[in-house]
Structures are given as C-alpha cells and as structure tokens.
Amino acid sequence: MTPWSWYAGEVDEFAYDLACDEPTREAAINAAVTQLEVGDQFQIIEARSSEAKRHADDDGIISFLRTRNHELVTVTMALKSQVGGHNAN
C-alpha cells in the first residue's frame with residue numbers, strides 16, 4: 001500500500017485531479033486554489049492506494065484503498081493571496 005498523501009478535486013466529482021499525491025494538506029489546498037476562483041469550492045482527502053496491478057480496473061486505474069480526513073474547502077481571497085493567486089475576481 002502507498003503512503004498516506006493528499007488529493008484535491010471538484011465537489012461531487014469522482015476524480016481528484018486538482019492536486020494529486022501531495023505530501024501535506026496545505027500543499028493539496030495550494031495546488032487546488034491556483035486553479036480555481038474566489039468563491040469556488042473543492043474537496044480534499046487524505047488517501048492510500050496500491051501499486052499492485054491486481055487492484056486496477058479495466059482502464060488501469062487503481063482507486064483509493066483507504067481514505068480519511070475528507071473536507072470541503074472554499075476558495076477565499078486570503079487563500080488566493082497566500083498562494084500568490086492573482087486571478088481572483
């Protein structure tokens with residue numbers, strides 16, 4: 001099993017593609033905030049997966065095997081300023 005790492009994705013989406021395999025919660029938030037606008041929401045989760053091919057689906061994707069610390073985050077001006085996001089409206 002892989003070590004615990006952090007992921008971020010759009011709310012109500014299956015994929016966590018705003019941030020992948022980040023070492024900390026803050027790193028996942030920062031990666032997501034740079035791609036979104038003030039007022040947008042996203043979800044973060046701490047997860048473990050596997051490198052074993054037996055866990056892969058037909059497309060070769062391995063889902064999370066364990067998850068914890070799921071939460072919703074709203075992009076604020078403070079978060080944008082913190083990560084240097086200048087595209088805030």
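**Contacts, charges and a covered helix**

Among contacts between residues at least 6 apart in sequence, 58% join residues at least 24 apart in this chain. The model examined here is a predicted one, and a helpful way into it is to begin with the overall layout and then turn to single residues.

The chain is built with 2 helices and 4 strands. Followed along the sequence, these elements come in the pattern β-β-α-β-β-α. Along the principal axes, the C-alpha atoms fill a box of roughly 45 × 20 × 20 Å. Of the 89 residues, 31% count as buried. The surface exposed by the chain comes to about 5600 Å², with carbon and sulfur atoms supplying 46% of that area.

Helix α1 gives a good view of how elements cover one another. Which residues of helix α1, spanning residues 25-33, are buried? They are A28, I29, A31, A32 and V33. The cover over the buried residues of α1 includes strands β1, β2 (19-22), β3 (41-48) and β4 (66-74), together with helix α2 (77-82). Elements from several parts of the sequence thus appear in the cover of this one helix.

Charge is the next topic. The chain carries 7 positive and 15 negative charges, and the mean positions of the two groups lie 11 Å apart. Some of the negative charges gather on the surface, where E10, D12, E13 and D17 make up a patch. One member of this patch, E10, belongs to strand β1, which covers residues 5-10. With a relative accessible area of 34%, E10 is partly exposed. Because a patch takes in residues with over 30% relative accessible area and no salt bridge, the 34% of E10 fits the first of these conditions.

How many salt bridges does a search of the whole structure find? The search finds 2. In one of them, E71 pairs with R25, and the closest N and O atoms are 3.0 Å apart. This pair links distant parts of the chain, since E71 sits in strand β4 and R25 in helix α1, 46 residues apart. Both partners are partly exposed: E71 has a relative accessibility of 28%, and R25 has one of 29%.

In another salt bridge, the side chains of R68 and E46 meet at 2.9 Å, taken from N to O. Here R68 lies in strand β4 and E46 in strand β3, so the pair ties together parts that are 22 residues apart in sequence. The surroundings of the two partners are worth a look as well. R68 is partly exposed, having a relative accessible area of 37%, whereas E46 is buried, at 10%. Buried means under 20% relative accessible area, which is why E46, at 10%, falls in that class.

What does E46 touch, leaving aside residues up to four places away in sequence? Its contacts are W4, S5, W6, R66, T67, R68 and N69. The salt-bridge partner R68 is therefore one of the residues in contact with E46. A further spatial relation involves C20: the C-alpha atoms of E46 and C20 are 10 Å apart in space, while the two residues are 26 apart in sequence.

Definitions and conventions:
Residues are numbered from 1 along each chain as its sequence is written. This is a predicted model: local features need pLDDT of at least 70, side-chain atom pairs count only at pLDDT 80 or more; totals for chains, interfaces and linings use all residues. Side-chain values use heavy atoms; hydrogens and water are left out. Patches are made of residues with over 30% relative accessible area and no salt bridge: like charges are joined within 9 Å, nonpolar side chains (Val, Leu, Ile, Met, Phe, Trp, Tyr) within 5 Å. Accessible areas come from the Shrake-Rupley method with a 1.4 Å probe; for residues, only the protein chains shown count as cover. A salt bridge is a side-chain nitrogen of Lys or Arg within 4 Å of a carboxyl oxygen of Asp or Glu. Lys and Arg count as positive and Asp and Glu as negative; His and the chain ends are not counted. The place of a charge is taken as NZ of Lys, CZ of Arg, CG of Asp or CD of Glu. Buried means under 20% relative accessible area, exposed over 50%, partly exposed in between (1.4 Å probe, protein chains only). Contact means heavy atoms within 4.5 Å.
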